[in-house]
Amino acid sequence: MATTQTETLYVQHFGKDQNRKLDYYLSQMNGYEAAKKALSMNQDDIIGEVKKSNLRGRGGAGFPTGMKWGFIPKQSPKPKYLVCNADESEPGTFKDRDLMRYTPHLLIEGMLIGGYAIGAHIGYIYIRGEYTREAKLLNEAIDEAYAKGYLGKNILGTQFSFDLTVHRGAGAYICGEETALLNSLEGKRGEPRVKPPFPAQAGAFGGPTIVNNVETLCAVPFILSRGGEWFSALGKVEKSGGTRLFSVSGHVKKPGVYEINAGSMTLRQLIYDVCGGILNDKKLKAVIPGGSSAPVLTADEIDVIADIEPMAKIGTMMGSAAVMVVSEDYCVVKLLQRIAKFYAHESCGQCTPCREGTRWMEDIIHRIEHGHGRTQDLDLLLNISDNIAGKTLCALGDAAAGPVSSFVKKFKADFEAHIRGEKCPNA
Amino acid sequence: MPKCVIDGKEVEFSAGENMVDVAKRAGIEIPVFCYHPGLTVVAQCRMCAVEVEKMPKLQTACSTPVADGMVIKTKSDKVKSHQKSVMEFLLVNHPLDCPICDKSGECDLQDTSYSYGDSNTRYTEERRTYLDLDMGPVIKKSMNRCIHCTRCIRFGDEIAGIREMVAIHRGNSTEISTIDGKPLETEYAGNYADICPTGSLTLKDFRFKKRVWFLKKTKTICEGCSRGCSVELHQDNNVIVRTIARENKEVNKYWICDEGRFHFNSVHNQHRIVAPVVEGSHSDWATAIHRLKTLSANQTVHVLIGTDLTNEEVSAIKMALPKASKTSVFSHFGTPGLTSAAKDEAADALLKRKSKTSNLHGVEKLGIAGFEKFDQSAGLVLVFSGGRAVLPDVSNLGKAKVIGVGVFTDEEAKTFAAVLPATTFAEKSGTIVNFMGIEQKLQAAIRPVGSSKQISEILMLWQNQQGSEGHSNG
């Protein structure tokens, strides 16, 4: 847990078990003061403050949070819901885990404010099944909050009531997709829904619903207590406010969760200056910059500002800010095979291109990796990934296609060497 | 009315209409697999994706609402290449068992592949296979042929009112199955075969009976109950082999029940009497007609009219009887315990009615009341039946004789003085009236089985023979 900032929002509280307690939150983090302020405010003003903050979704898509909240209809015959997406299933991502471990009350307060702002009286935290410990910690924090009147009926003496429930997933990547998450929450098969209607119109149990990532909701109390403009100014690029948590893993000297001001440094600075460079001082081979679905970058492409729009400009994505670093002695064909296997395994099976194509790509890459590749395989792979990308109901198709096309294009020589039956050039 | 442009053609549509249907009305086919007009839209097969001006990605025609002024292209290079790719994806794991598949010849996958697919295959990996479970007496499951369109799941859930088909496992291993592998329970299971776009769910009853391209198809009405569902009867060599549902938005939408679907089997029931019988012995038409004439002349005749007869048949009987007997009394019969159309009501939440015959409402409109008891003065009870109506007990009538005109089994007719075999619903044409008061037309699908005759012809022979004794027509 390192930081380059003099002041961080989150990571300074990470690492100590006692920090997750309500006492610590109240005494050291100005706990529930933002909620007090919010509950006396007009709901539109809260949404306006979040809009001003330039907070963008931290789950992967980077959608402006204030705008999303603004989509919720004022009047609704059905109950409204605020759902926290704590599925954190994009490979390489582990920042939300720390937030839930060490600052659970920040999330609860963020949800309380969000619930009030959109007019929801019920909140759910949908947490990935594997996070058993974090689910338990969240429940303990929720119990503390109920006991002190921060959740439940007439919160802080106001008319507002808000109930919060932790719902555990059963181990499916697809349930991180917001509509599949809602299906799973409702007890249905975890499959994405046809959109429209979008969740803000008809989400959980048919009611208007907002689904926000853990880190997104954790930013909300800071925005309310210190102002949208202050939060926005933390960001160093346009249209991106606040600080951002990076999950850095792979062949770096100091992997971990890092917090930097949005857009304040390049990937190179993050990897070499913050994370201490490549393990054993090897050369850098590749960087997967935003979770395993983000198109890969070569060693010469990392002088890019690590934020949403600069990354999109060079054809990859910030995603969940999970940076996976690959050194020169690791086989990229093997790496892609592992990624392709993951997406084939996690496809829900609804859409034809994804159901059939992800497995087909995995089979071909498996053959190449095991010395049974053919020269036409690379064009076939590019064509299959092209036939999946943008052709499916949800983004899993794109997530599966992006790595395949980018690896094959950018590391063609490695794939060709495997096909020729040569020894892996690096490994 | 708002307008859109599809492939350069201006088409009017009403708000909320589906793009697939709007295009269809303009004579433009957009290929589909998961889309079915009677089920919710899931947009997951991706086959129907089309190009919409100002939208960067292809849009699925089944789920994208048509908007005023929208410009849609269904045959652009981008669309064609996408269709080819979806066909390729669907076929990589589909077995090439069309030669022995019952669906072959009427298979959406086959037809769409022919029109939109590629003649080459690039797939060299191992194909996915599944083990099949027995799903009960109606449906044969062949999972290897499945393209995961989920129509069956939605049919059970949304139409049949029972969640019994589900998707299990995930991704490429997704299997469509019943919950815990249990047999199907719905009484509408045959529809699973009708809506399956491949040979994955087929009718056990039809299995390996006939290549579908040999079938002669007749559009007619089911006679299983007073709803009168639109169906198609399929026959070859004068033998009916299958009934399928036919779309009728007012009456049955796209569905029929299993009882109606398999009712055609009674047409070829081996115990059905298909040649004249007199006093329990095989006879000829002249003798049987003579017998009828003798027993009815100068008698009071109690005429029992099956509510499975057509309006034309009933009218002809009503006209013929006064000439052939002293007096005649008419009552109708059909469903035990249901003596009037007023008591007919829904028997389940979907299609089935309490009246187990098709024309109760029509027969009653022709002024015939339900059977209560036998007329004590009758010397002859004359029963007209289409074979579906359930006979009242005629075994203990004292001096009165019983003659049957119509469709009877050996068992039913064992006390009859004579049987003059007539036609079932599949062998006759005419008008029936369903419970909603809608007049519908039966169409004969096959020639009368054996030496059975139409009731109208039998009535004519009877009248003609009244003056000319011994005229043979057998």
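This is a short talk on chain B and on the second largest pocket.

Morning, everyone. A caution before the details: this is a predicted model. Every value you hear is computed from it.

Start with the overall build. Chain B runs to 474 residues, and 57% of them are buried. In secondary structure, count 10 helices and 22 strands. The C-alpha trace spans about 85 × 50 × 40 Å along its principal axes.

How is the chain wired? Take the contacts in chain B with a separation of 6 or more. Of these, 64% join residues 24 or more positions apart.

Now the surface. Chain B exposes about 20200 Å². Carbon and sulfur atoms supply 52% of that area.

On to charge. I have 59 positive side chains and 56 negative ones in chain B. How far apart do the centres of the two sets lie? The answer is 1 Å.

Next, the pocket. I am taking the second largest one, with a volume of about 1300 Å³. Its lining comes to 40 residues. Which of them lie nearest the centre of the pocket? They are B:Lys24, B:His36, B:Asp108, B:Arg151 and B:Asp194.

Several elements of chain B give two or more residues to this lining. The helices are helix 1 (19-25), helix 3 (108-116) and helix 5 (190-195). The strands are strand 9 (201-203), strand 11 (230-236) and strand 12 (239-245).

Which element gives the largest share of the lining? Helix 3 of chain B does, with 5 residues.

That's the tour. Please have the pocket up on screen for the discussion.

Terms used. Residues are numbered from 1 along each chain as its sequence is written. Chains are lettered from A and ligands numbered from 1 in the order in which they are written. This is a predicted model: local features need pLDDT of at least 70, side-chain atom pairs count only at pLDDT 80 or more; totals for chains, interfaces and linings use all residues. Side-chain values use heavy atoms; hydrogens and water are left out. Helices (H or I, at least four residues) and strands (E, at least two) are DSSP runs, numbered from the N terminus. Buried means under 20% relative accessible area, exposed over 50%, partly exposed in between (1.4 Å probe, protein chains only). Contact means heavy atoms within 4.5 Å. Accessible areas come from the Shrake-Rupley method with a 1.4 Å probe; for residues, only the protein chains shown count as cover. Lys and Arg count as positive and Asp and Glu as negative; His and the chain ends are not counted. The place of a charge is taken as NZ of Lys, CZ of Arg, CG of Asp or CD of Glu. On a 1 Å grid over the protein atoms alone, a cavity is a set of points where a 1.4 Å probe fits but cannot get out, and a pocket is an open set with protein on both sides within 12 Å along at least five of seven lines; lining residues have an atom within 4 Å of a point. Grid points are joined across faces, edges and corners, and a volume is the space filled by probe spheres set on the points.
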